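Me: Could you walk me through this structure with a few questions and answers? I'd like each reply to show its reasoning.

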Amino acid sequence: MSLFWKPGAEKPQLLDDEEGGVLFFSSALSSSSSSYGYASLEKQRQRLPVYKYRNSILYLVETHSTSIVVGETGSGKTTQIPQYLKEAGWADGGRVIACTQPRRLAVQAVASRVAEEMGVKLGDEVGYTIRFEDLTNSELTRIKFLTDGVLLREMMTDPLLSKYSVIMVDEAHERSISTDILLGLLKKIQRRRPELRLIIASATIEAKSMAAFFDTSKKRRGSDDKQHGPKTEPAILSVEGRGFNVQVFYAEEPVPDYLRAAVSTVMSIHNQEPPGDILVFLTGQDDIDAAVELLTEESQNNGKPSGGLTILPLYSGLSRADQDLVFSPTPRGKRKVVISTNIAETSLTLEGVVYVVDSGFSKQRFYNPITDVENLIVAPISKASARQRAGRAGRVRPGKCYRLYTEEYYVNELSTEGIPEIQRTSLVSSVIQLKALGIDNILGFDWPASPSPEAMIRALEVLYSLGVIDDDAKLTSPAGFQIAEIPLEPMISKMILASDELGCSEEILTIASVLSIQSIWASSRGSQKELDEAKMRFAAAEGDHVTFLNVYKGFLKCNKSPTWCHKNFVNYQAMKKVIEVRGQLRRTAQRIGINLKSCDGDTQVVRKAVTAGYFANACRLEAFSHSGMYKTLRGSQEVYIHPSSILFRVNPKWIIFHSLVSTDRQYMRNVITIDPSWLTEAAPHFYQHRQPDSFRQ
DNA sequence: GAGCACTGC
């Protein structure tokens, strides 16, 4: 540490190439090429821990089909390994080195860093591809960063990924669905392309289980020695990180209320510890808002005026402006406290954090294949998560982590790693993707972690009912192939397909785009009542989907004006995204032969198209229910219209919902009125046998 | 009259 940064001066550019969490200092980023010369960049590269392993890594990649690199935060593996490979000739002869990331932001940030280090223009020799953005040049690009989802899509046109010589799958420990599917498929590709090299890079992975997955040497024992090719047994290499030491403290006794415990822990840190920001991990918006309020109270009773704390919430539902507040520098004499969801564990990196308070819980998605319902449940985190959270305290100097659970609990109760996403979600999208890649035996697919047979069977049932697969579980033609081509949930894609015949594709493309955005309403600002009133200006008696069409129309009519959005409680950023997604879907729709046509306000055909995709979510109002209770036609599950819906308290007799949110009750979000006769029209195989009973008026 | 961890094509 011979370099010191003078307070008040511009901070040096910081770029986290490990967790995918990146903090941009835009001014530093744009001026960096002029302020840092090539030599200093080269020196920076050599100071990274991974530099010592350069030759070992190149040797392993040369001699092994698969290499597993375990590198802790700050090791430099993501930015350096692709460059080492390039320098060693792996990109010669027109070949390309690929490096995948789970997140778009990480792809962009790492690519621009590497381009800068190599002194080339981003998009030439070094490029990246994410949805909506392809900054590569097929002639020039030798190192390509991309999201793992994009690489999966690329396999649809080039199943063997033949242009790549080395594929590095980064952040593999996160075990996202796309990463797992990608790993399964890459293992298959390796058999056909022995010259392909894989690098699995991760922070805390159970390297041995990953190595076992890629180890095909046993089956080939005896022939291995005679072959001149690479060893099929994976190599494992560990690279140390560059983070500072973090001292971990545990609760002496189990904590009855983690919210209060978190607040009092923050207060005692504030009162007893030297300066440094505090990051608190809680589970969700509710918890966080409550903790902010409680902490604000406590800190005001603390003697000092305003308590010396700047307290900020952080979760994805916040507007961009509110999220950006956590990055603003802490005022002199103040201490910043950020109370956050898991978003600060991987997606966002906060500099200046010295203390972490870890509740030990997070919200996790679980899927019930019997009811086909996904739930968000507060559950204990894994040891890997706990370590990751603690590490957030050691980015700028040695830090401290306070765990609101006992050491015994950590050792005995927390699982080593989380449950892979593939075992916690509906498999409908994954199955259709594999089918489209020609993997017909889904049950026999070699997954890094197998999903449950129940979930696989349920996915096949759903796809069959949508007409995506036939009696032999093969993709139908053309419908199945068309639906696989659209990058959305198969139910939405089916809706788009149906809109072609019904002559309302323009409207359905709008609805599909809105449904794929979190929310188009500006919810965090102003009172709830005002938002509700604003919504009523767009309200359609037919339901939320048609209401979305009215908002979209208004947005176009005012020339996409931010002022109009503000006035109408519409989220401007979200609407811009709707336009973007819609544009992409429109191009995809045209490519697969869908006629673009508007139904000019005929909402009946629009609702029929929605029914074609979501018939399984049909509900009927209980005849004598005063509380607005509905029952699903399939399964007779008790459900209620969510208060955010335009049809809340209207309670039409027959409706279809887009999704369920389960809390104390099952709430239907985004509902639309239908005529029950459309159900048998849309899905005769699904509803015919139930007609006598369920359809009585 | 109540609530949406986080990604991604």
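Me: Which residues of helix 5 are buried?
Reply: Happy to help, and bear in mind that this is a predicted model. A residue counts as buried when its relative accessible area is under 20%. In helix 5, those that meet this are Ala106, Val107, Ala109, Val110, Ala111, Arg113, Val114, Ala115, Glu116 and Glu117.

Me: How far apart are the end C-alpha atoms of helix 5?
Reply: Helix 5 covers residues 104-118, which makes 15 residues. At 1.5 Å a residue, the expected span is 21 Å, because the rise is multiplied by one less than the number of residues. The distance between the end C-alpha atoms agrees with that: 21 Å.

Me: Which residue just after helix 5 takes a positive phi?
Reply: Look at the position that follows the helix. The phi there is about 70°, and the residue is Gly119.

Me: What share of the atoms of DNA strand B that come within 4 Å of the protein is sugar and phosphate?
Reply: Let's start with the surroundings: 29 residues surround DNA strand B, and Arg104, Arg131, Ser316, Lys363 and Val661 are the closest. On the strand's side, the share of sugar and phosphate among the atoms within 4 Å of the protein is 61%.

Me: Which residue has a backbone N or O atom 2.7 Å from a base nitrogen of DNA strand B?
Reply: Two other contacts go to phosphate oxygens of DNA strand B: a backbone N or O atom of Arg104 at 2.5 Å, and a side-chain N or O atom of Thr147 at 3.2 Å. The contact with a base nitrogen comes from the backbone of Pro487.

Me: Which element gives the most residues to the surface near DNA strand B?
Reply: The residues of this surface divide into 12 nonpolar, nine polar and eight charged. The greatest contribution from an element is three residues, and they come from helix 6.

Me: What is the distance from Arg424 to the nearest side chain of opposite charge?
Reply: Arg424 sits in the loop between helix 14 and helix 15. A polar atom of its side chain is 3.2 Å from the backbone oxygen of Arg365. Arg424 is buried yet has no salt bridge, and the distance to Glu421, the nearest side chain of opposite charge, is 5.6 Å.

Me: Is Gly74 buried or exposed?
Reply: Gly74 belongs to the loop between strand 1 and helix 4. Its C-alpha atom is 8.4 Å from that of Glu240, 166 residues away along the chain. The relative accessible area of Gly74 is 9%, so this glycine is buried.

Note on methods:
Residues are numbered from 1 along each chain as its sequence is written. Chains are lettered from A and ligands numbered from 1 in the order in which they are written. This is a predicted model: local features need pLDDT of at least 70, side-chain atom pairs count only at pLDDT 80 or more; totals for chains, interfaces and linings use all residues. Side-chain values use heavy atoms; hydrogens and water are left out. Helices (H or I, at least four residues) and strands (E, at least two) are DSSP runs, numbered from the N terminus. Buried means under 20% relative accessible area, exposed over 50%, partly exposed in between (1.4 Å probe, protein chains only). A residue is near a molecule or strand if one of its heavy atoms lies within 4 Å of it. A polar contact is a pair of N or O atoms within 3.5 Å; within protein, one must be able to donate a hydrogen and the other to accept it, and residues adjacent in sequence count only if both atoms are side-chain atoms. Ala, Val, Leu, Ile, Met, Phe, Trp, Tyr, Cys and Pro count as nonpolar, Asp, Glu, Lys and Arg as charged, and the others, Gly among them, as polar. Lys and Arg count as positive and Asp and Glu as negative; His and the chain ends are not counted. A salt bridge is a side-chain nitrogen of Lys or Arg within 4 Å of a carboxyl oxygen of Asp or Glu.
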